[in-house]
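Me: Mind walking me through this one? I'd like the numbers with their cut-offs.

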Amino acid sequence: MRLFECGTLVPGCEWHTRADEDAEVVRRAVQHMRSAHGETVIRENMVDNIKARVRDEPGTKAA
Ligand SMILES: [Zn+2]
């Protein structure tokens, strides 16, 4: 599983998501940015920032 923790991008935010594929993690993270952090326009560099922080969830084996 792949994991994104919003706190790595927005300090203090406890939200996180996990999915099998990076694309799904990024999609959910973008939705969260919109709804929780008021990012109505998702800039290219935000997607890059999210992608850079997606990591393997500890304790799971790579597929
Ligand atoms: Zn957040």
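Me: What percentage of the 63 residues in the protein is buried?

Reply: This is a predicted model, where local features need pLDDT of at least 70, side-chain atom pairs count only at pLDDT 80 or more, and totals for chains, interfaces and linings use all residues. Residues are numbered from 1 along each chain as its sequence is written. A residue is buried if 20 or more other C-beta atoms, placed from the backbone, lie within 10 Å of its own, exposed at 12 or fewer, and partly exposed in between. For the 63 residues here, the buried share is 14%.

Me: Which helix gives the largest share of the largest nonpolar core?

Reply: Such a core is a set of buried Ala, Val, Leu, Ile, Met, Phe, Trp, Tyr and Cys residues joined through C-beta atoms within 7 Å. The largest one has seven: Phe4, Val25, Val26, Ala29, Met33, Ile50 and Val54. Four of them come from one DSSP run (H or I, at least four residues, numbered from the N terminus). That's helix 1, residues 22-37.

Me: How are helix 1 and helix 2 oriented to each other?

Reply: Helix 2 covers residues 44-53, and the two axes sit 10 Å apart at about 125 degrees. Axes are lines fitted to C-alpha atoms over the stretch in contact, with angles from 0 to 180 degrees between N-to-C directions. Under 35 degrees counts as roughly parallel, over 145 as roughly antiparallel, 65 to 115 as roughly perpendicular, and the rest as oblique. So helix 1 and helix 2 are oblique.

Methods
Helices (H or I, at least four residues) and strands (E, at least two) are DSSP runs, numbered from the N terminus.
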